[in-house]
Amino acid sequence: MKMSTLPHKIFGRDYFCSLFGHQFVITKKVNAHFNEYECSVCHLKATNDPKGQKITMTTRLKEINETLFYLNLKRQFLTKFYFQKKE
């Protein structure tokens, strides 16, 4: 039996994270500064704030991250195809 699965069956997922802390995994890289995270134990979603600390995901923050993601894609597309360096 794995050590990480033992507390889940005794206490539950929320108790495991409250005792030992969340185990965040990056699920989406929004841009160079912001990421979206998900706890591998309790599936809590989080993101970065402007200071770099992890905060829980809200609908407003999710919309902001989606907008930043699409703006970053648009910027990358424009720089790749329209503003190439001429040699």
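What percentage of the 87 residues in the protein is made up of buried residues? Buried residues make up 23% of them, and I should say at once that this value, like every other one I will mention, is computed from a predicted model.

Let me begin with the overall order of elements. The protein holds 3 helices and 4 strands, and if you follow the sequence from its start, these elements come in the pattern α-α-β-β-β-β-α.

I will turn to the sheet next. The 4 strands make an open sheet, arranged in the order S1-S2-S3-S4 with antiparallel pairing. Strand S1 (24-29) and strand S4 (54-56) stand at the edges, and each has a single partner strand, so one side of each is left without a neighbour in the sheet. From one strand to the next, the twist averages 35°.

Taking the pairs in turn, S1 and S2 run antiparallel and are joined by 5 bridges, and these two strands form a hairpin with 5 residues between them. If you would like a place to look in the structure, Val25 stands opposite Glu38 in S2.

Strand S2, residues 35-39, also pairs with strand S3, residues 45-48, again in the antiparallel sense, and here the pairing runs over 3 bridges. Within this pairing, Tyr37 stands opposite Ala46 in S3, while Glu38 stands opposite Lys45 in S3; Glu38 is therefore a residue to look at from both sides, since Val25 is the residue that stands opposite Glu38 in the other pairing. How many of the 5 residues of S2 are buried? The count is 4 of 5, so strand S2 is mostly covered, under the cut-off of 20% relative accessible area that defines a buried residue.

S2 and S3 also form a hairpin, with 5 residues between them, and the turn of that hairpin deserves a moment of attention. His43 lies in the loop between S2 and S3, and the phi of His43 is near 60°, which is a positive value in a residue other than glycine. As background, most residues other than glycine have a negative phi. Is His43 buried, partly exposed or exposed? His43 counts as partly exposed, because its relative accessibility is 44%, and the partly exposed class lies between the limits of 20% and 50%.

Now to the aromatic residues. The structure holds 4 aromatic pairs, and the one I would like to show is formed by Phe69 and Tyr70, whose ring centres are 5.5 Å apart and whose planes stand at 70°, so the pair is edge-to-face. As for how these two residues meet the surroundings, Phe69 has 22% relative accessibility and therefore counts as partly exposed, whereas Tyr70, at 55%, counts as exposed.

Finally, there is a patch on the surface to point out. Phe77, Phe81, Tyr82 and Phe83 form a nonpolar patch there, and together they have about 520 Å² of accessible area. One of these residues, Phe83, is found in the segment after helix H3 (59-81). Phe83 counts as exposed because its relative accessibility is 60%, and the cut-off for that class is over 50%.

Notes: Residues numbered from 1 in each chain as written. Predicted model: local features only at pLDDT ≥ 70, side-chain atom pairs only at ≥ 80, totals over all residues. Heavy atoms only, no water. Patch = residues over 30% accessible without salt bridge, like charges linked within 9 Å, V, L, I, M, F, W, Y side chains within 5 Å. Areas by Shrake-Rupley, 256 points an atom, 1.4 Å probe, with all protein chains shown as cover. Salt bridge = Lys/Arg side-chain N within 4 Å of Asp/Glu carboxyl O. Buried < 20%, exposed > 50% of the residue type's maximum accessible area, 1.4 Å probe, protein only. Pairing = 2+ DSSP bridges. Axes fitted to C-alpha atoms, helices over the stretch in contact; angles between N-to-C directions. Phe/Tyr/Trp six-rings, centres within 6.5 Å; stacked < 30°, edge-to-face > 60°.
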